[in-house]
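Work through the exercises below with the structure open. Try each task before reading its solution.

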Amino acid sequence: MTKQTGLLWATMALLGAVLSVAWLAAALAQGTGTGNDPRIEALFVSGTLPISDTHPGAGVTKTVYVDDSAGGVLTLTFDVLGTPPLTLTAGAAFGVPARVLTSPVASWSGAVITYAVPAGAGSAFGVPYTLTNGGAQTTTVVALDVVRDVVAPVAPALLGPPDGTLTRTTALTLSWAPAADGAGSGVAGYTVDLGGALHPVTATFSAAVLPGDGAYTWTVRAVDYLGHASEYTGSWTFVVDVTPPESAAVAPPRVATGTVPVTWTASDTWSEVISTTLWYKKGAGDWTPYVTRMADAGTFDFDPPVGEGLYLFATTAEDRLGNVEAAPTVSETETYVGPFRLFLPLAVRDYRPLANGDFEAGLAGWQTGRGPFAGHGSGMPQTAVRFDGSQRALLGDPAAANGAIRVGYGYVAQTFTVDAPLLQLQYRVLSYDIVKGDTHYYDTFEVSVDRPPDQVTDAQRDARGCTSTALNPSGTRVVTDAGLVFCGGRAGTSADVGTVWDLGWRTVTLDLSAFEGQNVTLYFAIWSREYNAAFYNDQAWYNTWAYVDNVTLGE
């Protein structure tokens, strides 16, 4: 090797040494650990036994809590820097003697020291670690306290909602004072027991998914980082009430003149009823509040404000939380105010009492008839049958199959003297079809006064509300003139056709005050309509039939 070549190699070696020293100096300058050169950068602790690291993932000095009842291996991983070679001396602990680890590099990441920790071995305080560099300079850190956690946290103190709270919200926040863990690993969180369901949380608990009304009991315990739990607090209870009260009224069916006594009761399952309001309605008028009483039972004295006639009554109640019963849409009780009238028999007029309204004598006293729809079909049958425990009038044929259902209408009717204003009846409609499609009426049950079924037009059905207000009614309907009174059937779309629908029994009262002293004819009819020529000759699809019973006339 020439002199020039040797000089070149010497120069390169010196430059490398200078660069290495410069890199190490920069690394040490940027470090956050303990010491200069050498420097202990970080200490990571893990284990096969339950531990809680007060500075997880970093830190040079730290306290680690371990479960008192468990044994296992505690693993310490060091990151160190310095002028090599580096020597790490680990202090003795848990019966494991001091050990020495060495590294030939300046940046030593992942120096591992393990300790076997027997169950119940006690704590180890002030375990030291010394790092020595190639220049015999040292950095010593009293790096670790391993503390056995033998005590559970103290139970927290409940704050709210206070015990016995009554509320109308289902979105409550349960809160408590923070618990203490003394010299232990610290409180990691809490367990809320709400009605037997356990909810782990770190702070307060929002009970935003309560199912609704009811009494709810709750209690809380604190849990430390090693899973030790305090005792539960004493139980507190709160009551949720989001449902309005229920009320009902009873009044006499008829009062000749003067005050109408309306007796009422109201109740609420979870909170107290504070007031009840009486509402009234006359004929086809609107529901109007009459008076409010601060009580849950009693008798209202109602003075008729608009003269004689049929008054409908209903009540609404409010509880102490402000839950209010919905305004009435149907009556709870009814009273006819006006003088009693005596209708004399044939010596004075053509008097016809209503007969066989319960159909126990079959269709005796009732007229029957049938006819086509738009000139097609033979009409629907009618009879009296035993159904649902009693004798009923039947309009239509429940056994008729698709492709063999008759087209047209069928009815039963009776002419009688209106010697009392209120006619009550029960009806039940079953159908595989719908009342009306986009433009056409299909299958309907219809009740009319002094208007045969074949004289009722679609325009009259629309005007009477056969697809809305006058479809399948209950309660009271005021009849002021001859014509269609109401319709029954399935309100739906073409997607509903083909599956059976059952209205169930409904009771409706017809106020015939406008016809008192007169003879009227009451019609019950069933219709099956088809608009396709292929089905005209009693070959219809989608059957509909109806039952009628307990037709009575009274006060």
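The exercises that follow go from overall form to single residues, and the model is a predicted one.

**Exercise 1. Overall form**

Task: Find how the radius of gyration of the protein stands against the globule rule.

Solution:
- Begin with the secondary structure: the protein has 2 helices and 37 strands.
- The radius of gyration is 45 Å, while the globule rule gives 24 Å for 555 residues. The value is well over the rule, so the protein is more spread out than a compact globule.
- Next take the box along the principal axes. The C-alpha atoms fill roughly 150 × 65 × 40 Å.
- Then look at the contacts. Of those between residues at least 6 apart in sequence, 70% join residues at least 24 apart.
- Finish with the surface. About 25,200 Å² is exposed, and carbon and sulfur atoms supply 55% of this area. Buried residues account for 45% of the 555 residues.

**Exercise 2. A sheet of 6 strands**

Task: State the strand order of the open sheet that 6 strands form, and the kind of pairing.

Solution:
- The order reads E2-E3-E9-E8-E5-E6, and the pairing is mixed.
- Now check the edges. Strand E2 (51-53) and strand E6 (99-103) each have a single partner strand, so one side of each is left without a neighbour in the sheet.
- Add the twist: neighbouring strands are turned by 20 degrees against each other on average, direction ignored.
- Zoom in on one pair. Strand E8 (residues 124-132) and strand E9 (residues 138-149) run antiparallel, joined by 7 bridges.
- For a cross-strand pair, take tyrosine 129, which stands opposite valine 141 in E9.

**Exercise 3. A residue in strand E3**

Task: Is aspartate 67 buried or exposed? Which residues is aspartate 67 in contact with, leaving aside its neighbours within four places in sequence?

Solution:
- Place the residue: aspartate 67 lies in strand E3 (residues 62-67).
- Read its relative accessible area, which is 9%. The cut-off for buried is under 20%. Aspartate 67 is therefore buried.
- List the contacts: Pro50, Arg148, Leu226 and His228.
- Take proline 50 from that list. Proline 50 and aspartate 67 are 17 residues apart in sequence, and their C-alpha atoms are 5.8 Å apart.

**Exercise 4. A hairpin**

Task: Which residue takes a positive phi in the hairpin of E13 and E14?

Solution:
- Start from the strands. E13 (residues 187-194) and E14 (residues 197-201) run antiparallel, with 5 bridges between them.
- Pick one bridge: threonine 191 is partnered by proline 200 in E14.
- Go to the turn, where 2 residues lie between the strands. Glycine 195 has the positive phi, near 60 degrees.

**Exercise 5. The disulfide**

Task: Which cysteine is joined to cysteine 466 by a disulfide, and which parts does the pair tie together?

Solution:
- Apply the cut-off: the sulfur atoms must be within 2.5 Å. The count comes to 1 disulfide.
- The partner is cysteine 487, at 1.9 Å from S to S.
- Read the handedness. The torsion about the S-S bond is 55 degrees, and the link is right-handed.
- Locate both ends. Cysteine 466 is in the loop between helix H2 (458-464) and strand E32 (475-478), and cysteine 487 is in strand E33 (residues 483-488), so the pair ties together parts that are 21 residues apart in sequence.
- Check exposure: cysteine 466 and cysteine 487 are both buried.

**Exercise 6. Backbone exceptions**

Task: What is the omega of the peptide bond from proline 84 to proline 85, and what is the phi of aspartate 388?

Solution:
- Recall the background: most residues other than glycine have a negative phi, and most peptide bonds are trans.
- The bond from proline 84 to proline 85 is cis, with omega near -5 degrees. Proline 85 sits in the loop between strand E4 (72-81) and strand E5 (86-90).
- Glycine 160 and proline 161 are also joined by a cis bond, with omega about 5 degrees. Proline 161 belongs to the loop between strand E10 (157-160) and strand E11 (165-167).
- Turn to phi. Aspartate 388 has a positive value of about 55 degrees. The residue is in the loop between strand E27 (382-387) and strand E28 (390-395). Aspartate 388 is partly exposed, at 45% relative accessible area.
- Tyrosine 542 has a positive phi too, about 70 degrees. Its loop lies between strand E36 (519-528) and strand E37 (544-554). At 29% relative accessibility, tyrosine 542 is partly exposed.

Note on methods: Residues numbered from 1 in each chain as written. Predicted model: local features only at pLDDT ≥ 70, side-chain atom pairs only at ≥ 80, totals over all residues. Heavy atoms only, no water. Pairing = 2+ DSSP bridges. Helix = DSSP H or I, 4+ residues; strand = E, 2+ residues; numbered from the N terminus. Axes fitted to C-alpha atoms, helices over the stretch in contact; angles between N-to-C directions. Buried < 20%, exposed > 50% of the residue type's maximum accessible area, 1.4 Å probe, protein only. Rg over C-alpha atoms; globule rule 2.2 N^0.38 Å. Contact = heavy atoms within 4.5 Å. Areas by Shrake-Rupley, 256 points an atom, 1.4 Å probe, with all protein chains shown as cover.
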